[in-house]
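Trainee: I have just opened this model and would like to go through its pockets. Could you guide me?

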Amino acid sequence: MKKVLKPILVGLLVTFVVIQFIARPEKISEPVNENDIISVLEIEGPIATMLKSACYDCHSDQPRYPWYASVAPVSWKIGEHIEEGRDELNFSKWATYSAKRRDHKLEEMVEEVEEGKMPQPNYVRMHSEAKLTDEQVASLKTWVTAERAKIAPELAEAMN
């Protein structure tokens, strides 16, 4: 048994080392810009903290990469996850979104959080600070309702 196990383990180790040299996704982390939701909407306090801790790693251009984000094949999965998250919603590009899209994204944000889909459970397992309490979810919902009310006149004007 040991004669078979040793070559398998050596093969796995060699494979692990070799894949470290395969191209990894580029780690993109840009400074906060004038289009960022926190800057544009002048968000402060608990809502800003919540967005940064629970959303920004996947939905902004300012992710915090953990140490294991440099180790393949985990780095590939993290890169793919961040790319998909940014494609769906990128808080760093908030000001570039139309009123209709901003309104829709705010509505989706509450739905996803209330349904427990966001932040994603596998993300929360590795980032306990991203776990939202019932109080935080209620605060988010209140904030989103207020922001959507601010967008409503812009939407009405666009429809005329």
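Mentor: We shall go through the pockets of this predicted model one at a time.

Trainee: What volume does the largest pocket have?

Mentor: The largest pocket has a volume of about 440 Å³.

Trainee: How many residues line the largest pocket, and which lie nearest its centre?

Mentor: There are 20 lining residues, and His59, Gly85, Glu88, Glu112 and Met118 lie nearest the centre of the largest pocket.

Trainee: Which helices each supply at least two residues of that lining?

Mentor: Helix H4 (56–59), helix H5 (74–88) and helix H6 (99–114) each do so. The largest share comes from H6, with 5 residues.

Trainee: How do the residues of this lining divide into nonpolar, polar and charged?

Mentor: The lining of the largest pocket has 11 nonpolar, 4 polar and 5 charged residues.

Trainee: Turning to the second largest pocket, how much space lies in it?

Mentor: The second largest pocket holds about 350 Å³ of space. It is lined by 15 residues, and the closest to its centre are Tyr68, Ile78, His81, Tyr123 and His127.

Trainee: Which elements give two or more residues to the lining there?

Mentor: For the second largest pocket, those elements are H4, H5 and helix H7 (121–126). Here the largest share, 5 residues, comes from H5.

Trainee: And how do the residues of that lining divide?

Mentor: In the second largest pocket, the lining residues divide into 8 nonpolar, 4 polar and 3 charged.

Methods: Residues numbered from 1 in each chain as written. Predicted model: local features only at pLDDT ≥ 70, side-chain atom pairs only at ≥ 80, totals over all residues. Heavy atoms only, no water. 1 Å grid on protein atoms, 1.4 Å probe; cavity = no way out; pocket = protein on both sides within 12 Å on 5 of 7 lines; lining within 4 Å. Points joined across faces, edges and corners; volume = space filled by probe spheres on them. Helix = DSSP H or I, 4+ residues; strand = E, 2+ residues; numbered from the N terminus. Nonpolar A, V, L, I, M, F, W, Y, C, P; charged D, E, K, R; others polar.
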